[in-house]
Amino acid sequence: VLMDVMMPEMDGYEATALIRQDPRWKKLPIIAVTAKAMKDDQERCLAAGSNDYLAKPFALGELEARLRALSRRRSDAPAQKRLGRLCFDSIRNEVQVEGQRIELTARELSLVEALMQHPGRTVTKQRLFDALYSWDHEANLSVIEVHVSRLRRKLEQARAGVGIRMLRGLGYRLEAVGD
């Protein structure tokens, strides 16, 4: 579902919440589209049950990349993936440590998701870049290091029991760490 947030009789937040209340539609992928680009708007869309958020105006290439990313997610995969004390919930699109939500940016959340798909295995920098950016985005691969650094700090502060190890020339690995 491509859901515009600003609709006349019922906004996209309400419509998404209604869809998510019906057990038949729990796994239905929803991308919220809106001209509202504030962090609060993004958080509200994700909290209502959207899988992703796209601010207008956007490039069609970015929409295509996000649609491909959603279609790659297996519908029969468990909604929650755990490693250490970290829990990624793909339906609610959030990360928690022992029931406490960790505030992450959309790109940090996508980074966790990409790493949690292959816990304990190395994920290439290119694959992480593709998960975070569309094919026509002007950023370069080195931006992944910035996102990983910020995410590491947040995971350490939350005492998530996981670490992100860089394997020079190969990529990154999410792994459980001891206390």
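Reader: How many residues does helix 6 have, and what does it reach from its first C-alpha to its last?

Author: Happy to start there, with a note that this is a predicted model, where local features need pLDDT of at least 70, side-chain atom pairs count only at pLDDT 80 or more, and totals for chains, interfaces and linings use all residues. Residues are numbered from 1 along each chain as its sequence is written, and side-chain values use heavy atoms, leaving out hydrogens and water. Helices (H or I, at least four residues) and strands (E, at least two) are DSSP runs, numbered from the N terminus. The expected span, 1.5 Å times one less than the number of residues, is 21 Å here, and helix 6 (143-157), with 15 residues, comes close to it at 22 Å.

Reader: Which residues of helix 6 are buried, and why do they line one face?

Author: Buried means under 20% relative accessible area and exposed over 50%, with partly exposed in between (1.4 Å probe, protein chains only). Glu156 and Gln157, on the other side of helix 6, are exposed. Down the helix axis, the buried residues fall within an arc of 100° (taken from the directions from the axis to the C-beta atoms), so they line one face. They are Ile144, His147, Val148, Leu151 and Leu155.

Reader: How many residues of helix 4 are buried?

Author: Helix 4 (106-116) is one of the elements that the buried residues of helix 6 pack against. Its own buried residues include Glu108, Leu109 and Met116. The count for this mostly covered helix is 8 of 11.

Reader: Which residue stands opposite Leu167 in strand 10?

Author: Strand 9 and strand 10 run antiparallel, joined by 6 bridges (strands pair if DSSP finds at least two bridges between them). They form a hairpin with 3 residues between them. Opposite Leu167 stands Gly171.

Methods: Contact means heavy atoms within 4.5 Å.
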